Amino acid sequence: MRYQFRSILPIAQLFVCLLVLWPARSDLLGSVLLAKRTYASTHQEEIPLSEQPRIIVSPQWTEGLQELHAAEKKAMGRMRVPVVLNFPVVVAQLPYLLIRRREWLPQGMLLGAWRALTWPLAGLIFWWLAGRGIDALLASFRSTVRPRLNWMEVTWASILLLVGAMTLVGILTTTPDDRRDSDFMALLYGGLLWGVLAALTITARFRQWRNGKKQSSGLTLSE
């Protein structure tokens, strides 16, 4: 195979995330700087409230604040794209989430920005695995067992398939209030996407097993 999906998909995913997030780069940078200042402030003496500067918002700023809010909302929408594309990252965090009841997050960092910055990188391994599944499925139609999928890949794909089935039920049963939660819906759509990709990997492994049995039967008959 000249073009291998296990090489193309991770790079393509990273490129898509970069392309989508580029217009929101100032918001991401601002989130990083805010986290840095928050971390630094924990090691400095706190300024008394009476000595802190007061900010007075004039009525003329109202329109500017509305535009700023709209821009932030649009940037947050862009930050949800890596969540959909790299949904297995949250599945891999489940043991930590069950223990701590929350994702690990640097102090002062916004959750959406943290996911947007780290999930595309962490997702490279999962897209590589998905690409192996697609390569194996395509090769199985030529009765070729390459790459050979191992039990760890199939187990991981089975977990994602189960989660994908649960998210499909979640999408079908969402309430209007659920649909207004964009972060929740992004996770559901990501789970559905990866449920489909996991199904391809499981199908590929089944076809590899069946092709192996056919080849073994052919060798037995020839003998």
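# A walk through an all-helix chain

Okay, let's start with the overall picture. The chain has 223 residues, and 33% of them count as buried. Keep in mind that this is a predicted model. So what is the chain built from, in terms of helices and strands? There are eleven helices and zero strands. If you read the elements from the N terminus on, you just get α-α-α-α-α-α-α-α-α-α-α.

Let me begin with helix H8, residues 124-140. H8 has 17 residues, and from its first C-alpha to its last it reaches 24 Å, close to the 24 Å you'd expect at 1.5 Å a residue. Is H8 mostly enclosed or mostly open? Well, 13 of its 17 residues are buried, so the rest of the structure largely encloses H8.

Now, salt bridges. How many are there? The count comes to five, and I'll show you three, starting with two that involve H8. As a reminder, side chains of opposite charge can pair when their charged atoms come close.

Here's one of them: Arg 6 with Asp 135, where the closest N and O atoms are 2.9 Å apart. Arg 6 sits in helix H1 and Asp 135 in helix H8, so this pair ties together parts that are 129 residues apart in sequence. And are the two partners buried or exposed? Arg 6 has 18% relative accessibility and counts as buried, because the cut-off is under 20%. Asp 135 is buried too, with a relative accessible area of 0%.

The next one on H8 is Arg 132, which meets Glu 153 in a salt bridge at 2.7 Å, N to O. Glu 153 belongs to helix H9, residues 151-172, and Arg 132 to H8, so here the parts being tied together are 21 residues apart in sequence. Glu 153 is buried, with a relative accessible area of 9%, and Arg 132 counts as buried at 12%.

Stay with Arg 132 for a second. What else does its side chain come up against? A polar atom of that side chain lies 3.1 Å from the backbone oxygen of Arg 148. So, for Arg 132, we have a salt bridge to Glu 153 and this contact with the backbone of Arg 148.

Let's move to helix H7, residues 111-122. It has twelve residues, which at 1.5 Å a residue should span 16 Å; the end C-alpha atoms are 15 Å apart, and that agrees. Which residues of H7 are buried? They are Gly 112, Ala 113, Arg 115, Ala 116, Trp 119 and Pro 120. Looking down the axis of H7, these buried residues fall within an arc of 165 degrees, so they line one face of the helix. Here's a handy bit of background for that: an α-helix has 3.6 residues a turn, so residues three or four places apart point the same way.

You may have spotted an arginine in that buried set. Which residue does Arg 115 pair with? It forms a salt bridge with Glu 103, and the closest N and O atoms are 2.2 Å apart. Arg 115 is in H7, while Glu 103 is in the loop between helix H6 (94-100) and H7, so the pair ties together parts twelve residues apart in sequence. Both Arg 115 and Glu 103 are buried.

Next up is Ser 31, over in helix H2, residues 25-41. Ser 31 is buried, with a relative accessible area of 3%. Where does its side chain reach? To the backbone nitrogen of Leu 110, at 3.5 Å.

Last stop: helix H1, residues 5-21, and this time we look at the outside. Leu 19 is found in H1, and it is exposed, with a relative accessible area of 55%. Which residues make up the nonpolar surface patch here? Phe 15, Val 16 and Leu 19 make it, and its area is about 300 Å².

Leu 18 is in H1 as well, and at 52% relative accessibility it counts as exposed, because the cut-off is over 50%. How far is Leu 18 from Pro 82, in sequence and in space? The two are 64 residues apart in sequence and 9.3 Å apart in space, going C-alpha to C-alpha.

So H1 gives us a buried residue in Arg 6 as well as exposed ones in Leu 18 and Leu 19. That's my tour, thanks for listening.

Key: Residues are numbered from 1 along each chain as its sequence is written. This is a predicted model: local features need pLDDT of at least 70, side-chain atom pairs count only at pLDDT 80 or more; totals for chains, interfaces and linings use all residues. Side-chain values use heavy atoms; hydrogens and water are left out. Helices (H or I, at least four residues) and strands (E, at least two) are DSSP runs, numbered from the N terminus. The expected span of a helix is 1.5 Å times one less than its number of residues. Buried means under 20% relative accessible area, exposed over 50%, partly exposed in between (1.4 Å probe, protein chains only). The arc is that of the directions from the helix axis to the C-beta atoms. Patches are made of residues with over 30% relative accessible area and no salt bridge: like charges are joined within 9 Å, nonpolar side chains (Val, Leu, Ile, Met, Phe, Trp, Tyr) within 5 Å. Accessible areas come from the Shrake-Rupley method with a 1.4 Å probe; for residues, only the protein chains shown count as cover. A salt bridge is a side-chain nitrogen of Lys or Arg within 4 Å of a carboxyl oxygen of Asp or Glu. A polar contact is a pair of N or O atoms within 3.5 Å; within protein, one must be able to donate a hydrogen and the other to accept it, and residues adjacent in sequence count only if both atoms are side-chain atoms.
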